[in-house]
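Colleague: Got a minute to go through the charged pairs with me? Put the structure up and I'll ask as we go.

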Amino acid sequence: MARRFLFGPSPLKAKTVEDRQLLELIEPVAESLGLDIVRVRLMGGTLRRRLQIMAERPSDHDIAVEECARLSRAVSEVFDAADPIAGEYLLEVSSPGVDRPLTRLSDFDLFEGYEARLESDRMIEGRKRFKGMIAGTDGDNVAMDLEGEADTALIPFDWLVDAKLVLTDELMKAGAEKRAARNTEESNDNSVETED
């Protein structure tokens with residue numbers, strides 16, 4: 001039977017209780033800026049911790065440097081008032097990157113055909129770690145074509161504790177094409193028409 005997380009998002013998006021509490025503050029801020037939060041992680045020891053926020057536009061799963069800066073400023077304002085982190089911390093807002101974490105079930109449809117590594121919180125046929133090609137989703141399950149296996153495996157999404165795209169030549173090529181298309185679009189937006 002699949003386990004449901006009744007107290008917030010899956011550990012893929014916010015791993016610890018503290019991460020989930022921070023996500024509750026951050027998500028409305030991001031949504032007001034037209035962004036989705038991919039993942040929140042508070043890392044480090046007691047001296048100086050680092051709060052890593054990965055965000056993207058829902059329309060194209062990308063984010064500009066200016067949008068990262070806006071989100072950083074907006075989160076800082078909320079955190080100045082709420083003071084949710086004891087002590088000093090460094091706030092880092094970024095894109096999920098090319099070899100991004102997969103934190104939502106929809107990510108497995110979006111990145112179908114790419115290689116990924118998954119880890120579950122329990123044994124599935126004698127193991128917890130899986131590597132293979134994403135074959136989309138089937139209900140609440142992630143479909144994976146695993147290395148060395150003929151059949152497509154179905155892994156309950158709610159059982160996952162880590163999932164990430166593997167950096168391959170195909171993924172790098174797709175990332176380069178996306179950047180080139182974005183640069184072309186930005187060049188077209190910045191061009192000025194003149195009459196002769």
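**Salt bridges, pair by pair**

Modeller: Sure. This is a predicted model, and here's a pair to begin with: Glu119 and Arg129 meet through their side chains in a salt bridge, 3.8 Å from N to O.

Colleague: Which strands does that pair tie together?

Modeller: The two residues are 10 apart in sequence. Glu119 belongs to residues 115-124 and Arg129 to residues 127-138, so the parts tied together are strands S4 and S5.

Colleague: Is Arg129 buried or exposed?

Modeller: Its partner Glu119 has a relative accessible area of 24%, which makes Glu119 partly exposed. Exposed needs over 50%. Arg129 has 58%, so Arg129 is exposed.

Colleague: And Arg104, which residue does that one bridge to, and where is the partner?

Modeller: Arg104 sits in the loop between strand S3 (88-94) and helix H3 (105-110). The partner is 68 residues apart from Arg104, in strand S1 (residues 36-43). The closest N and O atoms are 4.0 Å apart, and the partner is Asp36.

Colleague: Does Arg104 count as buried or exposed?

Modeller: Asp36 is partly exposed at 26%. The cut-off for buried is under 20%. Arg104 has 15% relative accessibility, so Arg104 counts as buried.

Colleague: What's the N to O distance for Arg122 and Asp121?

Modeller: Arg122 is partly exposed at 25%, and Asp121 is partly exposed at 23%. Their side chains meet in a salt bridge, N to O, at 2.8 Å.

Colleague: Which residues do salt bridges with shared partners join into one network?

Modeller: The structure holds 16 salt bridges. Those that share partners make one network of Asp36, Glu56, Arg100, Arg104 and Asp107.

Notes:
Residues are numbered from 1 along each chain as its sequence is written. This is a predicted model: local features need pLDDT of at least 70, side-chain atom pairs count only at pLDDT 80 or more; totals for chains, interfaces and linings use all residues. Side-chain values use heavy atoms; hydrogens and water are left out. Helices (H or I, at least four residues) and strands (E, at least two) are DSSP runs, numbered from the N terminus. Buried means under 20% relative accessible area, exposed over 50%, partly exposed in between (1.4 Å probe, protein chains only).
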